[in-house]
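Subject: Structure for you to look at

Hi,

Here is the structure I said I would pass on. Could you load it and follow along with the notes below?

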Amino acid sequence: MRKKKKLALLLITAALILALAVIALVFVFEGSQRADRISSYMLSLEHERPEIQQHFQDDSHGVFLPWPITLIIDPGHGGIDPGATISDFVIDDQRISMKESDITLSVAKMIKQRLENVYQDLTILLTREEDRYMSLEERVILGNSLFSDEGEKAFFISLHVEHSFDSNNSGMEILLSREITHDSPAFLLAESIVSGFNDIFGEALPFRGIQTENIYYPSRVNMPSLIVNLAFLSNVNDRALFYYNLESFAAAIVNGVKEYCKQ
Ligand SMILES: [Zn+2]
């Protein structure tokens, strides 16, 4: 009897050990599969640092313009309205989130700083300087009140970032009012900004064209105005440009304004 009991105990122990070993193996296998899934997910969202030819023009200082110019830069969105957002994508092994309102504000501040260093008689004003909500109407009223001197030329440049359900959509585009003609100041400035982008980004960022649409600002702002859609937050290449080369977007617009001022 004793022998039988011992044997039974031994068998039960062996069965238990075997069961535990099987459970452990299943866990390890599942875990490694999960890790594989996560790393392939991370890889699919990761992007290498883009190659960009940095053709920044020489930043001359204290240059006078043929006439004074006021540039009102309007960083789109802000505060409770972040605009386009993207969260949890991986760059440099870090999980990153980005929002349109931050990108437009940073680029606007960089443009202001760069252009103020170059021109004596260029006034640059931002519709917002911090992360706060502003309605479109408020921006128009502020823009119109900032530009008051009739002897000056002024431009209203609104900065935005695109987002599309088709993640292949990529590149920069400029929106102008439908009524615009090809010799109007807004169109000429738009063309200069396009060549500014081409100088800086080359083929790293496609150009989607100068579009004419029924847009909010031009009919309400009392100066030539345009909207620059810098790139697509939903595109992995464009996103990498925002992450690694944000300053290049400012430089592209600065180069465009400089080219316009030469005309
Ligand atoms: Zn926007």
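Right after α4 comes G202, and its phi is positive, near 55°. This is a predicted model, by the way, so please read everything here in that light.

While you are at α4, have a look at its geometry. With 17 residues at 1.5 Å each, α4 should span 24 Å, and its end C-alpha atoms are indeed 24 Å apart, so the two agree. Its buried residues are A186, L189, A190, S192, I193, V194, G196, F197, I200 and F201. As for what covers them, the list includes β5, β6, β7 (207-213), β8 and α5.

G196 is the one I would click on in that helix, which runs over residues 185-201. G196 counts as buried because 23 other C-beta atoms lie within 10 Å. Once residues up to four places away in sequence are set aside, G196 touches A252, I253, N255, G256 and E259. There is also V257: it sits 61 residues from G196 along the chain, yet their C-alpha atoms are separated by 8.1 Å.

Now the core. Nonpolar side chains tend to be buried together in soluble globular proteins. In this model the largest nonpolar core has 51 residues, and I174, L226, V228 and I253 have the most contacts inside it. Two or more residues each come from β1 (69-75), α2 (100-118), β5 (153-162), β6 (172-177), α4, β8 (225-232) and α5 (236-262). Which element gives the most to this core? That is α5, with 10 residues. If you want a way in, try V228: leaving out neighbours within four places in sequence, V228 is in contact with I157, L159, I174, I193 and I253.

α2 is worth a check too. Its 19 residues should span 27 Å at 1.5 Å a residue, and the end C-alpha atoms are 27 Å apart, so this helix also matches its expected span. The buried residues in α2 are E100, S101, D102, I103, T104, L105, V107, A108, I111, R114 and L115. Charged residues are on that list, including E100, D102 and R114.

Next, the hairpin. β2 and β3 form it with 2 residues between them, and D92 in the turn has a positive phi of about 55°. The two strands run antiparallel, and 5 bridges join β2 to β3 (residues 94-99). Across the pair, F89 stands opposite I96 in β3.

I86 is also in β2, which covers residues 85-91. Is I86 buried, exposed or partly exposed? It counts as partly exposed, because it has 19 C-beta neighbours inside 10 Å, and the cut-off for buried is 20 or more. Beyond its neighbours within four places in sequence, I86 is in contact with S97, M98, L233, S234 and R239. For M98 the C-alpha to C-alpha distance from I86 is 5.4 Å, with the two positions 12 residues apart in sequence numbering.

Two other backbone angles caught my eye. H77, not a glycine, has a positive phi of about 65°, and D88, also not a glycine, has a positive phi near 60°. H77 lies in the loop between β1 and β2, while D88 is found in strand β2. Their surroundings are as follows: H77 is buried, with 24 other C-beta atoms within 10 Å, whereas D88 is exposed, with 8.

Some overall numbers. The protein has 5 helices and 8 strands, in the order α-β-β-β-α-β-α-β-β-α-β-β-α along the sequence. Of its 263 residues, 33% count as buried. Among contacts between residues at least 6 apart in sequence, 83% join residues at least 24 apart.

Finally, confidence. The mean pLDDT is 84, and 83% of the residues reach 70 or more. Where is confidence lowest, and where is it highest? The lowest is helix α1 (residues 2-45), at a mean of 62, and the highest is β8, at 96. Over residues 33-45 the pLDDT is below 50, and this stretch has 4 contacts in the model beyond near neighbours in sequence.

Cheers

Note on methods. Residues numbered from 1 in each chain as written. Predicted model: local features only at pLDDT ≥ 70, side-chain atom pairs only at ≥ 80, totals over all residues. Helix = DSSP H or I, 4+ residues; strand = E, 2+ residues; numbered from the N terminus. Buried ≥ 20, exposed ≤ 12 C-beta atoms within 10 Å, placed from the backbone. Contact = placed C-beta atoms within 7 Å. Core = buried A, V, L, I, M, F, W, Y, C linked by C-beta atoms within 7 Å. Expected span 1.5 Å × (residues − 1). pLDDT = per-residue confidence, 0-100. Pairing = 2+ DSSP bridges.
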